[in-house]
Each structure stands twice: as C-alpha cells, then as structure tokens.
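Colleague: I am new to this structure and would be grateful for a close look at a single part of it. Please begin from one residue and then place that residue in the wider fold.

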Amino acid sequence: MHIDKFEDAIMNCRFCFMCRHLSAVGNVRFTEVDTPRIRAAMIYGLRTGTNSFDDEDFVEALYRQDLSACCRHHCVNHFDENGLALAVRADVVEAGKAPDAVKKLAAKFEKSVGWKADGKGDVAWFLDETTASDKSAVAAAKKLFAAAKVSPKVITGGSVGKALKVLGYIAEAKSAAEKFAAFLEAEGVKTLVVSNPAALNALKQDYPEFGVKLPCEVKSMAGFALQSKVKFTKAAGEVYALADDFIRNYQGCACMDKLLDALKAVRKPFGTNDEETYCCGEGAVVLDRLHPEIVKALAEYVAARADDPKKDRIVVGSVYTKRALVKYGKLNVITVEELAASCL
Ligand code: SF4
C-alpha cells in the first residue's frame, strides 16, 4: 500500500497531539477526527483489522483534510503526516472506494488535460485556470512581464496533474504530467514562469517524484521578477502577509518573502501566531469544490483574526486563497503579484 512508505508517521502521530492546533479543519469543526493523531490512529486500524475503507465516515474524513502541511512543517521530528494523508487517498482510490463526488471531480480533471500556447519565444507563462479566473491577478502578472521586458508565450489549459494527485489518482496525475512535459518540449519552452503555487509545486516536486523530466527551468512569478531585476519605484507599505501552504510548507521557498522585502513591505503580524495556515485549504487544491462549507468556515476563522477586517491589507500567495478570503471572509485581499505590480 502507498501508506507503507509512511511508517514513521503512522506509528508516531497516532500517539501525538502536539500539532492539533495546526489542524485547520479541526479548528473550525472542533473535531478530533480532523487532527493528525486520530487520522493516523484510524490508518493504523487498517493494519489491525479494526478499520477499513468500507467505513464511509473514515473515507469522508480523509477527503476533508486541508493538506496545508503545517503539521509536518512544524513537527519537531518532521514526521510526514501530510504525505501519509496523500498516500492513504491513493490507497482509497486503488481500492475502488473513492466517494462519488471525488470520482466525478477526478473524471473532470482527467478530461481537462490539454493546453494551447499563444505567442513566441522560449520563455512561457503558465496561466492556469485558477489564476485566469481573476482578472486583476492576470493584469498584474502581465505588468510584471512588461516591466521585465519579456513577452512570454502564454500557456493556457487544464490540469497539469496536481488536483488528480491530491485526490489520490496517481496514475492519472502521472499521465497528465507526462503529457504536459511533452507539450512544453514540443513548444520549445526553456523557462516556464508559474503564478499558481499549486501548479508550481506539481512541477517542482510531484513531477520528479513521478520520474517525469521537464525540458525547462521552472520559476515562480516572484522568483522571475526578482531574477529579472524588475524595478519597483513605490514602497508597498504596511501589509499582513499570510504564508502560503505550498510555498512555505511544501517547498520551503523564500521567494514570496524575498519579493516582499524588495517591495519594502512592512509586515504586520497576523492572528495569534505565524505557524498555522490561513490559506483556507489551498493545499487540498479542490477543497472549495468538495466542501465549500468548510472553506467558508476556514475563511471566517481567518476573518475573525483580522485587526480591522475592512481596512487591513492582506497579501496571499494564490488566487485560491484570495478568492476564499474575499468571498467568505469579506476581507481586503490581494496576491503578492498584485502587490508587486502596484509598486512598479
Ligand atoms: S506531525 Fe509531528 S507533531 Fe504532528 S501528530 Fe505527527 S508526530 Fe505529532
């Protein structure tokens, strides 16, 4: 089983309650089942015969997780409870026990695999569907490219495999990855700039895990803007910058912080600590589609921690998080790319 690779997490997390306060879904549902300890205990039950994927409540709990990877990131031993959560989903799928809503969503993503390119040159921008849904974020990225004096080939289209992987459809995710790598090769892409942290993480971490080699260098938009020495003439001023699930907890990348430094952003502390996730399930990629009621509760939890919800300028790493915090939290949120474009 996929979970066998996560022996340490199964055996240790099931007796540990140290990171329960970082379980975003547990924090809004007030339920122990939504913490790493109980999930690991339930997964251990698969071995002892006291649990099985026939238990729909168990499987539902597995697909309710926010997958922020905060617990792994802050665990003193870095036990990979997040990897375990992804692995058990893959086992659920292989056992043919995925809930109907998950099956339907995965079929939709599998069908969406395919892209087109517009423009010339070997520098491309992957304009994923989530980022493309936000006109202001798209305009900001275009301004940053113009400031870098680069006219990228724009790649649009469907899934590059991240959502499929997160849902537990590993073979389908790998197939999407192989197709996207072949597409980039055929387009002669040498540098690919990516706005969406989820897509960036797929390309940087999932593809090597699948053994899929890309023909190009992959950069975040923040990394690209910094490397291109884009000149920022205005200081960003005071902001509440929320750490991104993928950028901080998955990749351990400092690109967002470095860009905020370049923008002379004065970062104010948000909430009661800087450890938990405020990304509303960004790590779970499609939590807003499977459980909009949980995403709403997560956004309201964040809004309750804002000093001045109407005025605070909150900066996030993804359009996913922005959308949730604006829609359900009624907060004043921009992406780091939008902040950067406003400082040109
Ligand atoms: S990830 Fe670390 S802190 Fe969290 S439950 Fe597991 S062992 Fe404990």
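Is Val336 buried or exposed, judged by the other C-beta atoms within 10 Å?

Modeller: The model is a predicted one, and the description that follows should be read in that light. Val336 is buried, because 31 other C-beta atoms lie within 10 Å, and a count of 20 or more is what the term requires. The residue belongs to helix H19, which spans residues 336–342.

The surroundings of Val336 come next. If residues up to four places away in sequence are set aside, Val336 touches Ala222, Met256, Leu259, Leu260, Val315 and Gly317. One of these partners, Val315, deserves a second look. Apart from its neighbours within four places in sequence, Val315 is in contact with Val239, Tyr240, Ala241, Leu242, Ile334, Val336 and Leu339. The largest nonpolar core comprises 121 residues, and those with the most contacts inside it are Leu84, Leu242 and Val315. Leu242 can also be related to Val336 by distance: the two are 94 residues apart in sequence, and their C-alpha atoms are 9.9 Å apart in space.

The domain assignment helps to place this region. It divides the protein into domain 1 (2–98), domain 2 (110–227) and domain 3 (237–342). Between domain 2 and domain 3, the C-alpha centres are separated by 22 Å. Contact between these two domains involves 28 residues of domain 2 and 25 residues of domain 3. On the side of domain 2 that touches domain 3, at least two residues each are supplied by helix H8 (129–132), helix H9 (135–147), helix H10 (162–167), helix H12 (197–210) and helix H13 (221–227). By class, the residues of that side are 14 nonpolar, 10 polar and 4 charged.

Val286 offers another view of the chain. Val286 is found in the loop between strand E7 and helix H16, and it counts as buried because it has 22 C-beta neighbours inside 10 Å. With residues up to four places away in sequence left out, Val286 touches Leu105, Ala163, Val166 and Leu167. From Ala146, by contrast, the C-alpha atom of Val286 is separated by 32 Å, and the two residues are 140 residues apart along the chain.

The loop that holds Val286 also contains Cys280, for Cys280 lies between strand E7 (265–267) and helix H16 (287–290). Cys280 has a positive phi of about 60°, although it is not a glycine. With 34 C-beta neighbours inside 10 Å, Cys280 counts as buried. Lys229, which is likewise not a glycine, has a positive phi near 55°. Lys229 is placed in the loop between helix H13 and strand E6 (237–241). Its burial class is exposed, because it has 9 C-beta neighbours inside 10 Å.

Attention may now turn to the ligand. Around it stand 13 residues, of which Cys13, Cys16, Met18, Cys19 and Cys75 come nearest. Helix H1 (7–13), helix H3 (36–48) and helix H5 (70–74) are the elements that give two or more residues to this shell. In terms of class, the shell has 8 nonpolar, 2 polar and 3 charged residues.

Asp34 lies in the loop between helix H2 (24–29) and helix H3. Asp34 is buried, since 21 other C-beta atoms are within 10 Å. Beyond its neighbours within four places in sequence, Asp34 is in contact with Ser23, Val25, Gly26, Arg29, Ala61 and Arg64. Asp34 and Gly158 are 124 residues apart in sequence, and their C-alpha atoms are 31 Å apart in space.

Finally, the protein may be considered as a whole. Its secondary structure comes to 19 helices and 9 strands. The C-alpha atoms fill a box of roughly 60 × 50 × 35 Å along the principal axes. The radius of gyration is 20 Å, which agrees with the value near 20 Å that a compact globule of 344 residues would have. Buried residues, Val336 among them, make up 51% of the 344 residues. Of the contacts with a separation of 6 or more, 77% are between residues 24 or more positions apart.

Notes: Residues are numbered from 1 along each chain as its sequence is written. This is a predicted model: local features need pLDDT of at least 70, side-chain atom pairs count only at pLDDT 80 or more; totals for chains, interfaces and linings use all residues. Domain bounds come from an automatic or database domain assignment. Two residues are in contact if their C-beta atoms, placed from the backbone, lie within 7 Å. Helices (H or I, at least four residues) and strands (E, at least two) are DSSP runs, numbered from the N terminus. Ala, Val, Leu, Ile, Met, Phe, Trp, Tyr, Cys and Pro count as nonpolar, Asp, Glu, Lys and Arg as charged, and the others, Gly among them, as polar. A residue is near a molecule or strand if its C-beta atom, placed from the backbone, lies within 6 Å of it. A nonpolar core is a set of buried Ala, Val, Leu, Ile, Met, Phe, Trp, Tyr and Cys residues joined through C-beta atoms within 7 Å. A residue is buried if 20 or more other C-beta atoms lie within 10 Å of its own, exposed if 12 or fewer, and partly exposed in between; C-beta atoms are placed from the backbone. The radius of gyration is taken over C-alpha atoms; the globule rule is 2.2 Å times the number of residues to the power 0.38.
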